[in-house]
Amino acid sequence: MLNRIYHLGYAVQDIEAASEFYRENFGARPGEPELVEEQGIIATMFKVGESSIELVQPTRPDSPVGKFLAKRGEGFHHVAFEVDDLKGALAALKSNGVELIDKEPRRGAGGMKIAFVHPEGAFGVLTELVELPHA
């Protein structure tokens, strides 16, 4: 079901400061920040080999990332795996009794379809499944 680690998500208070840190210290090239209103975040990505790092900043304190920052502070937020068939992956997980946050795919940054598996259903790790847009 899983093709590869697509990205690791890091929750940050200030996406510009975090982007500058990775640019200055690691030579990373973060992309343009993208507002994802449905999730209450601004996100930007940069490549690391075959995968990426996604920096996410909340746009409001009541968003999931806003609540995460208030409770845990900045740092690792989620792992995202690329899948070919998100709807099929969700159906298989549901039939196996895995606790899902999203029962149906929704729109994510970059036009991707995404869905989240609840951390309680994945040994404490917030897990995102990503289906890339078809060309």
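These exercises work through the fold, the helices and a few single residues of a predicted model.

Residues are numbered from 1 along each chain as its sequence is written. Local features need pLDDT of at least 70, side-chain atom pairs count only at pLDDT 80 or more, totals for chains, interfaces and linings use all residues, and side-chain values use heavy atoms, with hydrogens and water left out.

**Exercise 1. The whole chain**

Task: State how many helices and strands the protein chain has, and in what order the elements run.

Solution:
- Step 1. Fix the terms. Helices (H or I, at least four residues) and strands (E, at least two) are DSSP runs, numbered from the N terminus.
- Step 2. Count. The protein chain has three helices and eight strands.
- Step 3. Read from the N terminus. The order is β-α-β-β-β-α-β-α-β-β-β.

**Exercise 2. Size and surface**

Task: Compare the radius of gyration of the protein chain with that of a compact globule. Then describe its extent, burial, contacts and surface.

Solution:
- Step 1. Take the rule. The radius is taken over C-alpha atoms, and the globule rule is 2.2 Å times the number of residues to the power 0.38.
- Step 2. Apply it. For 135 residues a compact globule would have a radius near 14 Å; the protein chain has 15 Å, which agrees.
- Step 3. Look at the extent. The C-alpha trace spans about 45 × 35 × 25 Å along its principal axes.
- Step 4. Check burial. Buried means under 20% relative accessible area, exposed over 50%, and partly exposed in between (1.4 Å probe, protein chains only). Of the 135 residues, 42% are buried.
- Step 5. Turn to contacts, meaning heavy atoms within 4.5 Å. Among contacts with a separation of 6 or more, 53% join residues 24 or more positions apart.
- Step 6. Add the surface. The accessible surface (Shrake-Rupley method, 1.4 Å probe) comes to about 7,700 Å². Carbon and sulfur atoms hold 55% of that surface.

**Exercise 3. Helix α2**

Task: Find which residues of α2 are buried and which are exposed. Say what the buried ones pack against.

Solution:
- Step 1. Locate the helix. α2 covers residues 64–72.
- Step 2. List the buried residues. They are V65, G66, F68 and L69.
- Step 3. Look down the axis. The buried residues fall within an arc of 160°, so they line one face of α2. The arc is that of the directions from the helix axis to the C-beta atoms.
- Step 4. Turn to the other side. There P64, K67, A70 and K71 are exposed.
- Step 5. Find the partners. The buried residues of α2 pack against β1 (4–11), β3 (41–48), β4 (51–58) and β5 (75–82).
- Step 6. Look past the end. G73 follows α2 and has a positive phi, near 85°.

**Exercise 4. Helix α3**

Task: Repeat the analysis for α3, residues 86–95.

Solution:
- Step 1. List the buried residues. They are L86, A89, L90 and L93.
- Step 2. Check the arc. These residues cover only 100° around the axis, which puts them on the same side of α3.
- Step 3. Turn to the other side. K87 and S95 are exposed there.
- Step 4. Find the partners. The buried residues of α3 pack against β7 (113–117) and β8 (127–131).
- Step 5. Look past the end. G97 follows α3, with a positive phi near 80°.

**Exercise 5. Four single residues**

Task: Place L2, G75, G108 and F123 in the fold, and class each as buried, partly exposed or exposed.

Solution:
- Step 1. Take L2. It sits in the segment before β1. Its relative accessibility is 47%, so L2 counts as partly exposed. L2 and V83 are 81 residues apart in sequence, yet their C-alpha atoms are 5.3 Å apart. Beyond its neighbours within four places in sequence, L2 contacts F81, E82, V83 and L129.
- Step 2. Take G75. It lies in strand β5. At 25% relative accessible area, G75 is partly exposed. Its C-alpha is 5.4 Å from that of A11, which is 64 residues away along the chain. Leaving out residues up to four places away in sequence, G75 touches G9, Y10, A11 and F68.
- Step 3. Take G108. It is in the loop between β6 (106–107) and β7. With 1% relative accessible area, G108 is buried. Leaving out residues up to four places away in sequence, G108 touches Q39 and I114.
- Step 4. Take F123. It is found in the loop between β7 and β8. At 85% relative accessibility, F123 counts as exposed. Phi of F123 is near 55°, a positive value in a residue other than glycine.
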